[in-house]
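Me: Could you take me closely through a single residue and its surroundings, and then show how that part fits into the elements around it? I am new to this, so please explain each term as it comes up.

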Amino acid sequence: MILIGYSGHAFVVHGILKNSGIQVTGYCDVIEKLYNPFGLQYLGRESDSFAIEKIKKTGFFVSLGDNNLRKKIQTYLIEATERFPANAIHPTAVIDNTVNLDKSGVMVAANVSINALASIGTGVINNTGCIIDHECIVGNFAHIGPGAVLCGNVTIGEQTFVGAGAVIRQGIIVGKNVIIGAGAVVVKNVPDNKTVIGCPAK
């Protein structure tokens, strides 16, 4: 497996893959990292021909926290390599068997709970210990932060970021490209392209 991006978020992805029995052998980034805690081979940028050939053989996971960049690179690599990214699912995660979990580029970190009839799109980050309750819909390339709670029937739009420890009340609809601050309590629908913070979130 090749990681695309190699910094803090990638270190978490590396741990998830390792705990799932998947070996990571290299990484791509804009420059070679001086700090290389896992001794991975630097393959250059993901667009370099050498990197593309390696990715075609071993697969890839886009380990970038930035939603827009993750979408851009994942889309590019699917076209360039004719391969879809793997999922990275920690063995301690609890995912109900009725969940519709996309099969490409989804990260499910340690101690995540995804409950009955939820739907998780491609490229979604479900970060450490978050809770996604029944019938929630999480759009493509969204990021649900550590410890965040989506109560039942919540909808999260594409490329939206839900900060650590945020709580979203049951039935709320959050639009696309929204930023919800850490610790926010969302009790009203949020339109596209907004930032909300506080308790209640405004």
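Reply: Let us start with S113, which touches V94, C130, I131 and I132 once residues up to four places away in sequence are left aside, where a contact means heavy atoms within 4.5 Å. This is a predicted model, so local features need pLDDT of at least 70 and side-chain atom pairs count only at pLDDT 80 or more, while totals for chains, interfaces and linings use all residues. Residues are numbered from 1 along each chain as its sequence is written, and side-chain values use heavy atoms, with hydrogens and water left out.

S113 lies in strand 9, which covers residues 113–114 (helices, H or I of at least four residues, and strands, E of at least two, are DSSP runs numbered from the N terminus). With a relative accessible area of 19%, S113 is buried (under 20% is buried, over 50% exposed, and in between partly exposed, using a 1.4 Å probe and protein chains only). The side chain of S113 also makes a polar contact, at 3.3 Å, with the side chain of N115 (a pair of N or O atoms within 3.5 Å; within protein, one must be able to donate a hydrogen and the other to accept it, and residues adjacent in sequence count only if both atoms are side-chain atoms).

Strand 9 belongs to an open sheet of 6 strands, whose order is 6-9-12-15-18-21 and whose pairing is parallel (two strands pair if DSSP finds at least two bridges between them). At the edges stand strand 6 (94–95) and strand 21 (185–186), and because each has a single partner strand, one side of each is left without a neighbour in the sheet. Reading the order again, strand 9 comes between strand 6 and strand 12, and the residues that S113 touches include V94 and I131, of which V94 falls within the range 94–95 of strand 6 and I131 within the range 131–132 of strand 12. Further along, strand 12 is joined by 2 bridges to strand 15 (residues 149–150), and these two run parallel; here I132, another residue touched by S113, has L150 of strand 15 as its bridge partner.

For a second example in a helix, look at Q74, which sits in helix 3 (residues 67–81) and is buried, with a relative accessible area of 3%. The side chain of Q74 makes a polar contact with the side chain of T122 at 2.9 Å. Leaving out residues up to four places away in sequence, Q74 touches V62, P85, S104, G105, T122, G123 and F141.
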